[in-house]
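Let's take a walk through this structure together, one element at a time. Please have the model open and ready to turn as you read.

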Amino acid sequence: MHISENTKFIESKKYYNNQLPSNEDNFIDSTFKPEENSIISVDTNRECSKEITKEEIDSIKGLVWKKPNEIFRTYNYYLFKDISLEDIKQGMLGNCYFLSSISAIAELNERIKKIFPNQEVQKSGQYQVRLFIQGEPVIVIVDDYFPCTKNGKFAFTHSRGADNEIWVPLIEKAWAKVNSSYAMTIAGLPSEGLSTLTEGATVTYIHKKYSADELWKIIKESDSLDYIMCTCTKGTENLQSVGLVEGHAYTLVGVFEIDGLRLLKIRNPWGSFEWKGDFCDTSPLWTKELKDKVNYSN
């Protein structure tokens with residue numbers, strides 16, 4: 001398939017392309033400045049901007065920018081220490097599709113490490129993030145100023161672990177830079193994140209086009225091949241009664257078929273909001289044998 005150089009997405013190259021590393025001690029990215037415009041700017045000529053509401057823009061106004069030592073109140077922090085799919089915790093930004101992709105990739109640490117050419121904290125505050133834009137490998141340079149609430153906490157995505165790690169907000173910032181602002185990353189499909197963060201091809205399956213058995217076969221075979229998988233819920237009401245969120249993206253973490261029983265393990269990028277249906281943590285359907293087979297943890 002030929003993609004025209006005139007597409008709107010290609011035009012976003014002006015935000016990241018041909019930028020050379022800087023020797024500044026306290027690097028501030030002049031192409032993606034730590035100012036409100038980098039948070040709330042919306043390109044109304046882009047198709048995806050139609051998904052962004054005024055309420056969403058208003059909710060992320062008035063944020064402040066801080067460096068890691070100001071957020072953690074210590075210079076003892078890490079790029080990454082113990083990478084885990086549990087590290088990702090969504091903030092105020094509606095970008096669950098992208099975070100579910102990061103979480104899926106983080107199942108294997110090496111996948112995350114490949115995103116960072118320099119795998120240590122940079123005293124200059126300058127980081128290189130390796131992304132694939134329409135299949136083309138590019139290095140996106142970002143500084144380490146992050147949007148924060150007035151109490152000095154990360155406003156957007158951050159690590160939920162005990163360690164002071166910054167790899168999660170750095171990837172999110174690089175994606176925001178490619179799209180011209182954080183607001184322009186609101187709403188999307190997990191395939192966008194997967195194709196940007198890895199060099200692999202992505203395939204999207206529309207569930208209603210397959211029977212349950214056909215879909216299960218696809219999922220099970222994909223899991224056996226260690227494919228990275230995400231899934232989405234529809235905007236259907238009453239999903240919250242069983243612990244799901246309407247119109248939301250999840251990481252598909254595990255697939256199990258035991259004695260005719262089919263179980264999927266999925267993760268909410270919010271890092272919270274528990275499943276309440278069959279086989280929830282308090283479900284009487286669990287047996288010790290079954291818990292052992294699926295590596296159950298409460």
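What is the handedness of the crossing of H4 and H7? The crossing of these two helices is right-handed. Bear in mind as you look that the model is predicted.

Helix H4 is a good place to begin, and you will find it at residues 96–105. Its partner here, helix H7, spans residues 190–197. Two packed helices are described by the angle between their axes and the distance between the axes. For H4 and H7, the axes come within 7 Å and cross at roughly 50 degrees. That angle makes H4 oblique to H7. On the H4 side, the residues that meet H7 are Tyr97, Phe98, Ser100, Ser101, Ile102 and Ile105. Facing them from H7 are Pro190, Glu192, Gly193, Leu194 and Leu197. Sorted by class, this contact of H4 with H7 has seven nonpolar, three polar and one charged residues.

Now turn to another neighbour of H4, helix H6, which covers residues 167–178. H4 and H6 pack at an angle of about 130 degrees, and their axes are 11 Å apart. Here too H4 is described as oblique, this time to H6. The crossing in which H4 passes H6 is right-handed. From H4, the contact takes in Tyr97, Phe98 and Ile102, while H6 brings Trp167, Ile171, Glu172 and Trp175. The residues of this contact divide into six nonpolar, no polar and one charged.

How many of the residues of H4 are buried? The count is ten of its ten residues, and the helix is mostly covered. Among the buried residues are Cys96, Leu99, Ser103 and Ala104. Ser101, another residue of H4, makes a useful close-up. Its relative accessibility is 0%, so Ser101 counts as buried, the cut-off being under 20%. Apart from neighbours within four places in sequence, Ser101 is in contact with Pro190, Gly193, Leu194, Leu197 and Cys230. Of these, Pro190, Gly193, Leu194 and Leu197 also appear on the H7 side of the contact between H4 and H7.

From the helices, let's move on to a sheet. Three strands form an open sheet in the order S7-S8-S9, with antiparallel pairing. S7 (230–232) and S9 stand at the edges, each with a single partner strand, so one side of each has no neighbour in the sheet. From one strand to the next, the twist averages 50 degrees. H4 comes back into view here, packing on the sheet and touching S7, S8 and S9. The direction of H4 makes about 45 degrees with that of S8.

Look next at how S8 (residues 249–258) and S9 (residues 261–267) are joined. Seven bridges link these antiparallel strands. Within this pairing, Gly254 stands opposite Lys265 in S9. The two strands form a hairpin with two residues between them, and Asp259 is placed in the loop that links S8 and S9.

Asp259 deserves a pause for its backbone. Most residues other than glycine have a negative phi. Asp259, although not a glycine, has a positive phi of about 50 degrees. Is Asp259 buried or exposed? With a relative accessibility of 76%, Asp259 counts as exposed, because the cut-off for that class is over 50%.

A second residue of this kind is Asn295, in the segment after helix H9 (288–293). Asn295 has a positive phi of about 55 degrees although it is not a glycine. With a relative accessible area of 61%, Asn295 is exposed.

For a last stop, find Pro147 in strand S5, which runs over residues 146–148. Pro147 has a relative accessibility of 3% and therefore counts as buried. Which residues is Pro147 in contact with, leaving aside its neighbours within four places in sequence? They are Ile39, Leu63, Val64, Trp65, Lys153, Phe154, Ala155, Phe156 and Tyr182. Pro147 and Pro34 are 113 residues apart along the chain, and their C-alpha atoms are separated by 8.0 Å.

Methods:
Residues are numbered from 1 along each chain as its sequence is written. This is a predicted model: local features need pLDDT of at least 70, side-chain atom pairs count only at pLDDT 80 or more; totals for chains, interfaces and linings use all residues. Side-chain values use heavy atoms; hydrogens and water are left out. Axes are lines fitted to C-alpha atoms, for helices over the stretch in contact, and angles run from 0 to 180 degrees between N-to-C directions. Helices (H or I, at least four residues) and strands (E, at least two) are DSSP runs, numbered from the N terminus. Angles under 35 degrees count as roughly parallel, over 145 as roughly antiparallel, 65 to 115 as roughly perpendicular and the rest as oblique. A crossing is left-handed if the near helix is turned anticlockwise from the far one by less than a right angle, and right-handed if clockwise. Contact means heavy atoms within 4.5 Å. Ala, Val, Leu, Ile, Met, Phe, Trp, Tyr, Cys and Pro count as nonpolar, Asp, Glu, Lys and Arg as charged, and the others, Gly among them, as polar. Buried means under 20% relative accessible area, exposed over 50%, partly exposed in between (1.4 Å probe, protein chains only). Two strands pair if DSSP finds at least two bridges between them.
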